[in-house]
Protein chains: 2
Amino acid sequence: MALDIPVILHLTTIQQYLKTVDLIPVIEQGFVAYSKGNAVVPPVGELIFENPQGEAHIKFGYIRQQPYYIVKIASGFYDNPKFGIKSSQGLMLLFSQLTGELQAILLDEGHLTDVRTAIASMITLKYLAPRRIEAIGIIGTGIQAHLQLAFLEKVCDCKNIVIWGRNPQKCLAFQKDLKDSPFNINIAHSISELSQLSNVIITTTPSSNPLLEDHQIRKGTHITAIGSDTAGKIELSPLIIKKADIIVSDSIAQSQSRGEIYQARKQSCLDEKKLIELGHIIQNPLSGRTNDQQITVADLTGVAVQDIMIATTILEHHLKLTG
Amino acid sequence: MALDIPVILHLTTIQQYLKTVDLIPVIEQGFVAYSKGNAVVPPVGELIFENPQGEAHIKFGYIRQQPYYIVKIASGFYDNPKFGIKSSQGLMLLFSQLTGELQAILLDEGHLTDVRTAIASMITLKYLAPRRIEAIGIIGTGIQAHLQLAFLEKVCDCKNIVIWGRNPQKCLAFQKDLKDSPFNINIAHSISELSQLSNVIITTTPSSNPLLEDHQIRKGTHITAIGSDTAGKIELSPLIIKKADIIVSDSIAQSQSRGEIYQARKQSCLDEKKLIELGHIIQNPLSGRTNDQQITVADLTGVAVQDIMIATTILEHHLKLTG
């Protein structure tokens, strides 16, 4: 029988559950399944809106032998904040892999996408950051910048954070928001200053021009680029990809059409031999950073396995609680 | 502000609304918008399941200047009936084109897809059937076969129906189901018999081999093929497409990769000059059938504009009722 009422979870409940579940091993498991070929993840669907400007991504897929297939809709309408509305919106749907029946609707308003993106970033730091992190530079002051710090303690002890954003007011607001946190938040006056102070850099902007240049990067630095998830976005100069010793992609297939690696490949700045998929690094950490002199870059464009794993984890947690 | 609770409509409510709304002009408007290039309808997302066999289609898009963008998930798991579960499942989601916020969830369990498919079939009959319909032959005895008759009176007066299905029990059950209807339901012993009796034929099966052959088609017949919506399905011999005078596609773009026209093109049985899109026929009915000797074929693979229009109509009806 079709469920008369599928499970419907609102954001407040989901946020409650997120305090309890441990997402890093779960999402690692998703990346491993993906890199092993156990995930069925077709190309991402995309809708572009012109007036007002916005975009919606439709991701869908499943991991074989698991109970659910997932469809996730996540949108970004960058004018929304002018009207007091979050720019990112969305929800996730879970369906039975056995019958196609709708099992659950997670009305997360895009929050699970934000969280699974931050978790993927944490996973890249876990495997690729140098052993001694002097400071972590964060470029951008939006939701992703904040979420990095929400999960950072799960993967490293570093408390020195350097931030840079185009808008000085937002930098100050960011610093103020975190004044009671365990982190020591410093505002850099320039990206150059940020990259001099930091040997881990996380870029979190929707920029369409490179922000970080190759000459700014110190030896031994790890960079995780989160922002560029469409063909039109770029945060890193392609010369950084050229300079890096190891380049990690969450999805090599997806890097053919979007993200920093896509941009670098177009500029003939990518040595394919240096490219490795995140799921393979998780399976064999020795294929990642092996010394503190290497420059490593992780490019995250977002893969449906992350959505599959976070949605399944939230639903299973709910089902366990409600018997 | 995000709506705390988007509108959630269950199947029973949706079925109630369907009794009132007039879908033919609405869905015609969708096809016209599509053929005029006013719809943004990216390629359909598809998930294939192997154990048990199933498929899910994810369709999404919007018509410019309208309030909503739509995502529709519709699946077919053909073993479901063994367990008392409908083979087709699904739901539709409506989001604001201005902010991306989720506006409504239509938990239609696939019913709106079934209905909009039947309505598209009715639209093809409205424009392409010969003036004097002797009998309408329906191949298949499933949901689509039933739904044709639910809407047939909106577009023609013919009450003579000839059905054929592989399973004689299901033919008898179909006849019994409709014994109190205005229709005179005859069971054909073969497809050949069906096509001798009928000058309109509607094929509604998920067949992967041609069922209807070119030599079986009488002059003046119109055929609407509904069943083949993936690359692996085919109901009509490609020689029927070769023989036809006018071939109508709901989406010429989609006919590059699925449906009867796709199959015929692969076999070099398609004369592209005879091919016209349904939206153009609606705008200019004279580009369709012009005499009662022509053989016409309409191939429906399903386009997201149908979903956009039916979902928008249901939601707007609901909003009108609830003030």
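**Figure 1. Superposition of the two chains in the predicted model.** A turn of 180° with a shift of 0.0 Å along the axis lays chain B on chain A with an RMSD of 0.0 Å. The two chains are therefore related by a two-fold axis. Within chain B, G45(B) has the C-alpha nearest this axis, at 3.5 Å from it. The model shown is predicted, and the predictor assigns the complex an ipTM of 0.83 and a pTM of 0.83. For chain A the mean pLDDT is 95, with 98% of its residues at 70 or more.

**Figure 2. The contact between chain A and chain B.** Chain B contributes 36 residues to the contact, and chain A contributes 36 residues. On the side of chain B that touches chain A, at least two residues come from each of β3 (45-50), β4 (53-63), β5 (68-76), β6 (88-96) and β7 (102-107) of chain B. Of the elements on this side, β4(B) gives the most, namely six residues. By character, the residues on the side of chain B that touches chain A comprise 22 nonpolar, ten polar and four charged. The copies meet through the same surface, because 100% of the interface residues of chain B are also interface residues in chain A.

**Figure 3. The largest nonpolar core, with a close-up of L106(A).** This core holds 196 residues, and the members that touch the most other members are I70(A), L106(A) and V305(A), together with I70(B), L106(B) and V305(B). The close-up is centred on one of these residues, L106(A). Leaving aside residues up to four places away in sequence, L106(A) is in contact with L9(A), I14(A), L91(A), M92(A), L112(A), A311(A) and I314(A).

**Figure 4. Helix α8 of chain B and its surroundings.** Helix α8 of chain B spans residues 259-266 and is largely enclosed by the rest of the structure, because six of its eight residues are buried. The buried residues of α8(B) are G259(B), E260(B), I261(B), Y262(B), Q263(B) and A264(B). Among the elements of chain B that cover these buried residues are the strands β12 (222-225), β13 (246-249), β14 (275-277) and β15 (296-299), as well as the helix α7 (238-243). Just after α8(B), the backbone at S268(B) adopts a positive phi of about 55°.

Definitions and conventions. Residues numbered from 1 in each chain as written. Chains lettered and ligands numbered in written order. Predicted model: local features only at pLDDT ≥ 70, side-chain atom pairs only at ≥ 80, totals over all residues. Core = buried A, V, L, I, M, F, W, Y, C linked by C-beta atoms within 7 Å. Buried ≥ 20, exposed ≤ 12 C-beta atoms within 10 Å, placed from the backbone. Contact = placed C-beta atoms within 7 Å. pLDDT = per-residue confidence, 0-100. Least-squares fit on C-alpha atoms with pLDDT ≥ 70 in both. Helix = DSSP H or I, 4+ residues; strand = E, 2+ residues; numbered from the N terminus. Nonpolar A, V, L, I, M, F, W, Y, C, P; charged D, E, K, R; others polar.
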